[in-house]
Amino acid sequence: MKRVKFKLMDISNTLLIVCGISLISISIFLFCFTGSTSIFLIASIIGCGAFFIAHIIKTNAIKEIKRQKNIHVGANFHSDTDLEAINWRLGKYIGIDLNNKSITLLELNTSPNVIKTFSIDSLTGYYCEGNIIRYNFRDISLPTFIMNYPNEHHAYQACCKLDLILSNNYSLESDLATT
């Protein structure tokens, strides 16, 4: 059910954005050639409403992912901002808590849902290409987890911290944890 829910949210969001752009474009076109302000206002309001509904869909998807994370992880999990990512279109979440030395993964777009918490020690490596990071784990049921970051800069920041975490001389108390 969750898989269908996130797919429908993604499709409806895309359609609403396309409708919003189309209606605003049509209203500008009609205003330029007919001079009718009422058509311009009606189409513009409907187009802006489509953008607003698309934003609400995205916000609700992010809230659902965070709610599922809070249910399964607990209140003492606080991930580092550079090591946390939410992909609302795919229903994915990854967060790394350096204080508790744990990694939480959620994939709500699969059947059954993947909700796992690992120790940082089970992270064996990663591969970064653009804004996509593939995390490798020492776990037979989930050897890899692929996460799309919002942009390459966020992925690069996460990779820099992952380099420090995976280094042999990393400890939470060292200066490496704060850089």
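**Figure 1. The largest nonpolar core of this predicted model has 23 residues.** Ile-94, Ile-96, Ile-103, Tyr-135 and Tyr-149 have the most contacts inside this core. At least two core residues come from each of S2, S3, strand S4 (114-119), strand S6 (132-137), strand S7 (144-148) and helix H3 (152-166). H3 gives the most, with 5 residues. A second core of 7 residues is separate. Its members include Ile-65, Phe-77, Tyr-93 and Leu-108.

**Figure 2. Tyr-135 and its contacts beyond four places in sequence.** Tyr-135 is among the residues with the most contacts inside the largest nonpolar core. Ile-94 and Ile-96, also on that list, both touch Tyr-135. So does Tyr-149. Other partners include Leu-123, Gly-125 and Tyr-126. Pro-143, Thr-144, Phe-145 and Met-147 are in contact with Tyr-135 as well. Leu-162 is another of its contacts.

**Figure 3. Strands S5, S6 and S7 form an open sheet of 3 strands.** The order is S5-S6-S7, and the pairing is antiparallel. Strand S5 (123-129) and S7 are the edge strands, each pairing on one side only. On average, neighbouring strands of the sheet are turned by 20° against each other, direction ignored. S6 and S7 pair over 5 bridges. Across this pair, Ile-133 stands opposite Met-147 in S7. Strands of a sheet pair through backbone hydrogen bonds.

**Figure 4. Helix H3 lies across S5 and S6.** H3 runs at about 155° to S5. The helix covers residues 152-166. With 5 residues, H3 is also the element that gives the most to the largest nonpolar core.

**Figure 5. Cysteines Cys-128, Cys-159 and Cys-160, with no disulfide found.** A search of the whole structure finds 0 disulfides. Why is Cys-159 not bonded to Cys-128? Their sulfurs are 3.2 Å apart, too far for a bond, because a disulfide needs the two sulfur atoms within 2.5 Å. Cys-128 holds the closest cysteine sulfur to that of Cys-159. For Cys-160, the closest cysteine sulfur is in Cys-159, at 7.1 Å, again too far for a bond. Is Cys-159 buried or exposed? Cys-159 is buried, with 6% relative accessibility. Cys-160 is partly exposed, at 32%.

**Figure 6. Lys-101 has a positive phi.** The value is near 55°, in a residue other than glycine. Where is Lys-101 placed? Lys-101 is in the loop between strand S2 (92-97) and strand S3 (102-107). Lys-101 is partly exposed, at 46% relative accessibility.

**Figure 7. Ser-102 is a buried residue of strand S3.** Its relative accessibility is 11%. Leaving out residues up to four places away in sequence, Ser-102 touches Phe-77, Gly-95, Ile-96 and Asp-97, among others. Thr-117, Phe-118, Ser-119 and Ile-120 are also contacts of Ser-102. Of these partners, Ile-96 is one of the residues with the most contacts inside the largest nonpolar core, while Phe-77 is in the second core.

**Figure 8. Confidence across the predicted protein.** The mean pLDDT is 79. A value of 70 or more is reached by 88% of the residues. Where is confidence lowest, and where is it highest? Helix H1 (residues 2-34) is lowest, at a mean of 72. S6 is highest, at 91. Where pLDDT is low, the predicted coordinates should not be read in detail.

Technical notes. Residues are numbered from 1 along each chain as its sequence is written. This is a predicted model: local features need pLDDT of at least 70, side-chain atom pairs count only at pLDDT 80 or more; totals for chains, interfaces and linings use all residues. Side-chain values use heavy atoms; hydrogens and water are left out. Buried means under 20% relative accessible area, exposed over 50%, partly exposed in between (1.4 Å probe, protein chains only). Helices (H or I, at least four residues) and strands (E, at least two) are DSSP runs, numbered from the N terminus. A nonpolar core is a set of buried Ala, Val, Leu, Ile, Met, Phe, Trp, Tyr and Cys residues joined through side-chain atoms within 4.5 Å. Contact means heavy atoms within 4.5 Å. pLDDT is the predictor's confidence in each residue, from 0 to 100. Two strands pair if DSSP finds at least two bridges between them. Axes are lines fitted to C-alpha atoms, for helices over the stretch in contact, and angles run from 0 to 180 degrees between N-to-C directions.
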